[in-house]
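Welcome! Open your viewer, switch to a cartoon view, and let's take a short walk through this model together.

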Amino acid sequence: MSDGITFGSQEVKIIDRSSISLTGINKIVSFDDEEFLMESNMGNIRLLGEALELLKLDTNEGNVKIKGKINSFTYLEGKLKSKEESMLTKLFK
């Protein structure tokens with residue numbers, strides 16, 4: 001069964017809701033101080049929080065570290081769209 005997603009290993013480490021470290025990240029689709037949308041080898045990820053800041057991005061290894069108040073970490077189904085894409089889509093419907 002293949003749905004176009006390549007699976008691999010992934011590690012998610014959240015410390016005191018104030019920082020998160022992830023491995024297996026293929027791409028950061030969009031981010032701001034309240035939301036990060038990322039593609040990983042285990043599926044698409046949406047991270048919500050407050051005062052979020054990208055501390056480390058290693059594109060060769062797929063490692064990401066983010067600090068700020070973490071409110072939600074969710075794996076999503078389907079294709080990711082950035083906030084800008086979503087707003088443009090709504091405007092032109």
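Start with the strands: 6 of them form an open sheet, and the order across it is β1-β2-β6-β5-β4-β3, with antiparallel pairing. Keep in mind as you look around that this is a predicted model.

Now colour the two edges. Select residues 12–15 for β1 and 25–31 for β3; each of these edge strands pairs on one side only. Turn the view slowly and compare neighbours in the sheet: on average they are turned by 40° against each other, direction ignored.

Next, stay at the β3 edge and add residues 35–40, which make up β4. How many bridges link β3 and β4? There are 5, and the two strands pair in the antiparallel sense. For one facing pair, show I25 and look across to β4, where S40 stands opposite.

Then move over to the other edge, β1. Select the loop between β1 and β2, where β2 covers residues 19–22, and find D16 there. D16 is not a glycine, yet its phi is positive, near 50°. Is D16 buried or exposed? D16 counts as exposed because its relative accessibility is 71%, and the cut-off for exposed is over 50%.

Finally, click on R17, which lies in the loop between β1 and β2 as well. R17 also has a positive phi, about 55°, although it is not a glycine. With a relative accessible area of 46%, R17 is partly exposed, so it falls between the cut-offs of 20% for buried and 50% for exposed.

Key
Residues numbered from 1 in each chain as written. Predicted model: local features only at pLDDT ≥ 70, side-chain atom pairs only at ≥ 80, totals over all residues. Heavy atoms only, no water. Pairing = 2+ DSSP bridges. Helix = DSSP H or I, 4+ residues; strand = E, 2+ residues; numbered from the N terminus. Axes fitted to C-alpha atoms, helices over the stretch in contact; angles between N-to-C directions. Buried < 20%, exposed > 50% of the residue type's maximum accessible area, 1.4 Å probe, protein only.
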